[in-house]
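Reader: I am new to this structure and should be grateful for a close look at one part of it.

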Amino acid sequence: MKYWLYFLVITSIILLVTLAGMFIVFKEQYTLLESSRDTLLQQNTELLEETIFQSNEITRLQDQIQELQERLGDEIDKFDELEDRVKDSLETVETFKKLSETDPQLLQKYSKVYFLNEHYSPKDLETIDHNHVLSPKQLKIKEQVAPFLDELLEEAQDDDIDLQILSAYRSFGIQATIKQNYVLTYGATAANTFSADQGYSEHQLGTTVDFTTKDVGGELSRFQTTEAYEWLLDNAYKYGFTLSYPENNAYYQFEPWHWRFVGKELAKDLHRNDQHFYDLDQRKLNTYLIGIFDD
Ligand SMILES: [Zn+2]
């Protein structure tokens, strides 16, 4: 009985010691785990803070990029504006250059009222192809007008219209001689109704021609009855030519043969509005000068 009691006491003591030892070990491990957890939590917080910082940094950089893009946009706009201004300036210079090289006389009115200087003579005259000239004499026209006249004559030929030129450039001196002869033949009063005095003739400009046909020849009064005249009324404006002295004009008798080059733009406007060159005032006519040789 005594042994059994000893055994029980000893066993209990061993058990208690074991349990105490186990408790100590578990407690240590628990403390260790707790400390690891705290460390992890700490690290997590730090990472979170780092992430927030990085995210703010990204936002800041994005803002900077946007600002830079806006500034770049502004600079591009300024550059475009500057480019436009340079272009405008160049165009203005070009316009002035073109205007300074265009003879202002080309759209001046010349008739009994308006006078062209006796020394005026176009610098650039070229001989008209003799196939289109009725007489054997050489006729000349201003070089810059020649391509427009050539085109008109070619188109007329394509439409089977027999169009010939009877007269083109006439100098101040030649006009004086012609007028003198007319005065001698018809008398001053009659001559004044169909022939200009020297200096008052559009022919001195080198931009004006008198048309005829082989059939009519020099008999200009018959020209108004021809198909060629009808064709000119319908088509001459397309090549920049206009009838200077229509029926009932204030300056001369009706001259269906006498056509002056005024440029395509003005000729088309006159045709569209059923007007004639001398109906427009000089200021209006001058606005067409810059583009007179434009196609
Ligand atoms: Zn004429």
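In strand 6, which residue is the bridge partner of Asp 210? Please describe the surroundings of that pair as well.

Author: The bridge partner of Asp 210 in strand 6 is His 258. Before the surroundings are described, two remarks on reading the model are in order. Residue numbers start from 1 along each chain, following the sequence as written. The model is predicted: local features need pLDDT of at least 70, side-chain atom pairs count only at pLDDT 80 or more, and totals for chains, interfaces and linings use all residues.

Asp 210 belongs to strand 4 (208-212), and strand 6 covers residues 258-261. Strands here are DSSP runs of E with at least two residues, helices are runs of H or I with at least four, and both are numbered from the N terminus. Strand 4 pairs with strand 6 in the antiparallel sense over three bridges; two strands are said to pair if DSSP finds at least two bridges between them. Besides the bridge from Asp 210 to His 258, there is one that links Val 209 to Trp 259 of strand 6.

Strand 4 also has strand 3 (164-167) as a partner. These two strands run antiparallel and are joined by three bridges. Asp 210 takes part here too, as the bridge partner of Ser 167. Asp 210 is thus named in a bridge to strand 6 and in another to Ser 167.

The wider setting is an open sheet of four strands in the order 3-4-6-5, with antiparallel pairing. Strand 3 and strand 5 stand at its edges, each with a single partner strand, so one side of each has no neighbour in the sheet. Ignoring direction, neighbouring strands are turned by 45° against each other on average; the axes are lines fitted to C-alpha atoms, for helices over the stretch in contact, and angles between N-to-C directions run from 0 to 180 degrees. At the strand 5 end of the order, strand 5 (241-243) is joined to strand 6 by three bridges, again antiparallel. One of the bridges there has Phe 241 and its partner Phe 261 in strand 6.

How are the side chains of strand 4 arranged, and are they buried or exposed? Thr 208, Asp 210 and Thr 212 point one way, Val 209 and Phe 211 point the other way, and all are buried. A residue is buried if 20 or more other C-beta atoms, placed from the backbone, lie within 10 Å of its own, exposed if there are 12 or fewer, and partly exposed in between. Because five of the five residues of strand 4 are buried, this strand is largely enclosed by the rest of the structure. In strand 6, His 258 and Arg 260 point one way and Trp 259 and Phe 261 the other way, and all are buried.

Phe 211 deserves separate attention. Leaving aside neighbours within four places in sequence, Phe 211 is in contact with Leu 163, Gln 164, Ile 165, Leu 166, Ala 228, Leu 232, Trp 257 and Trp 259, where contact requires C-beta atoms, placed from the backbone, within 7 Å. Ala 228 and Leu 232 are, together with Tyr 229, the buried residues of helix 5. Seen down the helix axis, these residues fall within an arc of 100°, so they line one face of the helix; the arc is that of the directions from the helix axis to the C-beta atoms. The buried residues of helix 5 pack against strand 4 and strand 6.

Phe 211 also has a prominent place in the largest nonpolar core, a set of buried Ala, Val, Leu, Ile, Met, Phe, Trp, Tyr and Cys residues joined through C-beta atoms within 7 Å. Of its 40 residues, Leu 152, Phe 211 and Phe 241 touch the most other members. Among the elements that each supply at least two residues are strand 3, strand 4, strand 5, strand 6 and helix 5 (227-235). The largest share, five residues, comes from helix 2.

The loop between strand 5 and strand 6 offers a contrast. Asn 248 has its place in this loop and, with 7 C-beta neighbours inside 10 Å, counts as exposed. Its phi is near 60°, a positive value in a residue other than glycine. Ala 250 lies in the loop between strand 5 and strand 6 as well and, with 10 C-beta neighbours inside 10 Å, also counts as exposed.

Key:
Contact = placed C-beta atoms within 7 Å.
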